[in-house]
Amino acid sequence: MTYEEAPACDRHDSQVRLQLRTMHSDSARPDVLVGLFECPECGHERWLPMKTSYEDSEAAISAA
Ligand SMILES: [Zn+2]
């Protein structure tokens, strides 16, 4: 599994890509995968939701 669209750390002028550390699914939203990203420069951590499937997310929207 690859995740190429890593977010940039907002604490730097130059773009520093956050690195994916781990992933887990939220117990409240088991269909959503959440990734823990850490900045290699300053150690800033961010939890970000990750789309595992665009088809699933579109289906969920249309079904709502
Ligand atoms: Zn940083």
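What share of the contacts in the protein with a separation of 6 or more comes from residues 24 or more positions apart? The figure is 26%, where two residues are in contact if their C-beta atoms, placed from the backbone, lie within 7 Å. Keep in mind that this is a predicted model: local features need pLDDT of at least 70, side-chain atom pairs count only at pLDDT 80 or more, and totals for chains, interfaces and linings use all residues. Residues are numbered from 1 along each chain as its sequence is written.

**The overall picture**

- The protein has 1 helix and 3 strands, and going from the N terminus the elements run β-β-β-α.
- Helices (H or I, at least four residues) and strands (E, at least two) are DSSP runs, numbered from the N terminus.
- Just 5% of the 64 residues of the protein count as buried; that label takes 20 or more other C-beta atoms within 10 Å of a residue's own, while 12 or fewer makes it exposed and anything in between partly exposed, with C-beta atoms placed from the backbone.

**How confident the prediction is**

- The mean pLDDT, which is the predictor's confidence in each residue from 0 to 100, comes to 80 for the protein, and 72% of the residues reach 70 or more.
- Among the elements, β2 has the highest mean pLDDT, at 92, and helix α1 (residues 54-63) the lowest, at 52.

**The sheet**

- The 3 strands make an open sheet in the order β1-β2-β3, with antiparallel pairing.
- At the edges sit β1 (19-25) and β3 (45-50), each pairing on one side only.
- On average, neighbouring strands of this sheet are turned by 25° against each other, direction ignored; the axes here are lines fitted to C-alpha atoms (for helices over the stretch in contact), and angles run from 0 to 180 degrees between N-to-C directions.
- Two strands pair if DSSP finds at least two bridges between them.
- In general, strands of a sheet pair through backbone hydrogen bonds, either parallel or antiparallel.

**Who pairs with whom**

- β1 and β2 run antiparallel and are joined by 6 bridges; Leu20 stands opposite Phe37 in β2.
- Strand β2 (residues 33-38) also pairs with β3 in the antiparallel sense, over 6 bridges.
- Going along β2, Leu33 stands opposite Met50 in β3, Val34 has Pro49 as its bridge partner, and Gly35 has Leu48.
- β3 lies largely in the open, because the number buried among its 6 residues is 0.

**The loop between β2 and β3**

- The hairpin of β2 and β3 has 6 residues between the strands, and Gly43 takes a positive phi near 80° there.
- His44 also has its place in this loop, and it counts as partly exposed because it has 15 C-beta neighbours inside 10 Å.
- Setting aside neighbours within four places in sequence, His44 is in contact with Cys9, Arg11 and Cys39.
- His44 and Asp10 are 34 residues apart in sequence, and their C-alpha atoms are 9.3 Å apart in space.
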